[in-house]
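Open the model in your viewer and keep the selection tool at hand. The tour goes stop by stop, and each stop starts with something to select.

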Amino acid sequence: YGIIHAGGIGKYISDWILEGEPAFDLIELDPNRYGKWTTTEYTAAKARESYGFNNIVGYPKEERFAGRPTERTSGLYDLLKSKCSMGFHAGWEQPHWFYKLGDETGYKPSFRRTNWFDPVGREYKQVMEKVGVIDLSPFGKFKVKGTDSVKLLDHLFANVVPKVGSTNISHMLTPRGKVYAELTVSQLCPGEFMLVTGSGSELHDLRWIEEEVTRGGYKVEIENMTDEMGVLGVAGPYARQILQKLTNEDLSDSSFKFLQSRHLKLSDIAVTAIRISYTGELGWELYHRKEDSVALYYAIMEAGQKEGIDNFGTYALNALRLEKGFRAWGAEMNCDSNPLEAGLEYFVKLNKPADFIGKQALKQIKEKGLKRRLVYLTLETDNVDPEGNESVWHNGKVIGNTTSGSFSYSAQQSLAFAYVPTELSKVGQKLEVELLGKNYPATVIQEPLVLTEPMRMRLQRKGESPKI
């Protein structure tokens, strides 16, 4: 609304200038949510659409179609666009869910479970029981190398710097100890790293890194590879079996361990393979030149015919990651939350020698103790699922909020993350979540609902029976 927002924006900008960081998470107002894909034509189409949408009802999982597609399409867009419902992520088109014969296709907005619900369950089952392929090209991807690369990353990230050939999940914190970003960091060869972040965080994270390079005078080169590089995720029990058909490299568990990364060739196509998957199942992310995406996709699909390989989209990915208890940046963690209350202690190494950004603030937060915690909830609902930002009730009062949610196709009930006061965060605590004006019973449960594949393998090796 233009000038109406000026007072609030001016206040937050002055806070940011004086304090070095904003008082609240402001990514929704961040100019870096745009990029070179935001052309004059796109802006004109979007301005007309937004103005026309001022007073309409906004739906969960809302899609707006003006100005789409932008120039930011993955190498697979033309191949997949007629087979799925596409979503918009930072200029990119990315499959949300795929159509089969008999499905009601297209975007059908609803506050309740709609035409995507059963197909997403089918894709969930595909990944859990067989193998699925997902286009992850919208990830933000940066190469960092140079004499000071290790020193820079040790200062930027709360986790340790991974060894050569290894990958880890690392967080950049603000000086006040809030979670500025979550990335995967891989050291591909000595002093050369690949950093990967979510689609909407690309320039948000790159700015933070580049500002620190300038401030500290670090001798490094940073290259934004986001548009040049495609990414395919392959996940499910048969992922190794299928990829092994395409390479002479040994992909066995002993040779290519979880959270390892290496360069290899699949069907003569050069890829950087990382053994990691946001599904929590056995899987690899395959980074490659965008122009090789179609050939790589066809090679994998052909190799997996016997195993019943198929596509899956981001809706199924969200259901899979929630069941595994994986947090998402922008939901469970952002500049409004610290990593301790978000349950990220495992990734924060307060005892590492480097004085990383936010370390001192985090020590103080730990000493004072936490006032709230992220909890894991099951809900008793009827044809409606939490999405995030719903009120959590206890004894007739609002005491917190959900951050994200989904239907659990494993437990056959709704699942959500939520922030609640620490005294109400114990397993077994009964709460209520408000959905569509009605309070539904919710229970704090032990996370995760479904163990990740690496954890299940670990328990099996010990002779224990893991829960799926």
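Strands here are DSSP runs of at least two residues, labelled E and numbered from the N terminus. Two strands count as paired if DSSP finds at least two bridges between them. Keep in mind that this is a predicted model.

**Stop 1: the hairpin of E16 and E17**

Select E16, residues 397–408, and E17, residues 413–421. These strands form a hairpin with four residues between them. Click on Gln412, which takes a positive phi near 55°. E16 and E17 run antiparallel and are joined by seven bridges. For one facing pair, pick Gly405, which stands opposite Ala416 in E17.

**Stop 2: back to E15**

Now add E15, residues 391–394. Four bridges join E15 to E16, again in the antiparallel sense. Val392 has Gly400 in E16 as its bridge partner. E15 and E16 also form a hairpin, here with two residues between the strands. Look at Asn395 in the turn: its phi is positive, about 50°.

**Stop 3: across to E14**

Which strand pairs with E17 over eight bridges? Select E14, residues 372–379. E14 and E17 pair in the antiparallel sense. Show Arg373, and find Val420 of E17 opposite Arg373.

**Stop 4: the whole barrel**

Colour six strands together, in the order E14-E17-E16-E15-E18-E19. They make a closed barrel with antiparallel pairing. On average, neighbouring strands of this sheet are turned by 45° against each other, direction ignored. Next, select helix H9, residues 314–323. H9 packs on the sheet and touches E14, E16 and E17. The direction of H9 makes about 120° with that of E16.

**Stop 5: two annotated stretches**

Select residues 372–450. UniProt, in an unreviewed entry, labels this stretch "domain: Aminomethyltransferase C-terminal". The chain there is 0% helix and 58% strand, with its end C-alpha atoms 24 Å apart.

Then select residues 81–352. The UniProt label, also from an unreviewed entry, is "domain: GCVT N-terminal". Here the chain is 23% helix and 29% strand, and the end C-alpha atoms lie 47 Å apart.

**Stop 6: domain 1 against domain 2**

Colour the chain by its domain division: domain 1 (1–27), domain 2 (140–224) and domain 3 (371–467). The centres of domain 1 and domain 2, taken over C-alpha atoms, are 26 Å apart. Six residues from domain 1 and seven residues from domain 2 make the contact. About 480 Å² is buried between these two domains, and carbon and sulfur atoms give 47% of that area.

Which residues of domain 1 lose the most area to domain 2? Show Trp16, Glu21 and Ile27. Together they account for 77% of what the domain 1 side buries.

Keep Glu21 on screen and add Arg176. Their side chains meet in a salt bridge, at 3.8 Å from N to O. The count between domain 1 and domain 2 is one salt bridge.

**Stop 7: one more charged pair**

Side chains of opposite charge can pair when their charged atoms come close. How many salt bridges does a search of the whole structure find? The search finds 33.

For one of the pairs, select Arg68 and Glu93. Their side chains meet at 2.8 Å, N to O. This salt bridge links distant parts of the chain, 25 residues apart. Arg68 sits in the loop between helix H2 (40–52) and helix H3 (77–80). Glu93 lies in strand E2, residues 92–98.

Definitions and conventions
Residues numbered from 1 in each chain as written. Predicted model: local features only at pLDDT ≥ 70, side-chain atom pairs only at ≥ 80, totals over all residues. Heavy atoms only, no water. UniProt positions renumbered as here; feature names shortened; annotations may be inferred. Axes fitted to C-alpha atoms, helices over the stretch in contact; angles between N-to-C directions. Contact = heavy atoms within 4.5 Å. Domains from an automatic or database assignment. Buried area = accessible area lost by both parts, 1.4 Å probe. Salt bridge = Lys/Arg side-chain N within 4 Å of Asp/Glu carboxyl O.
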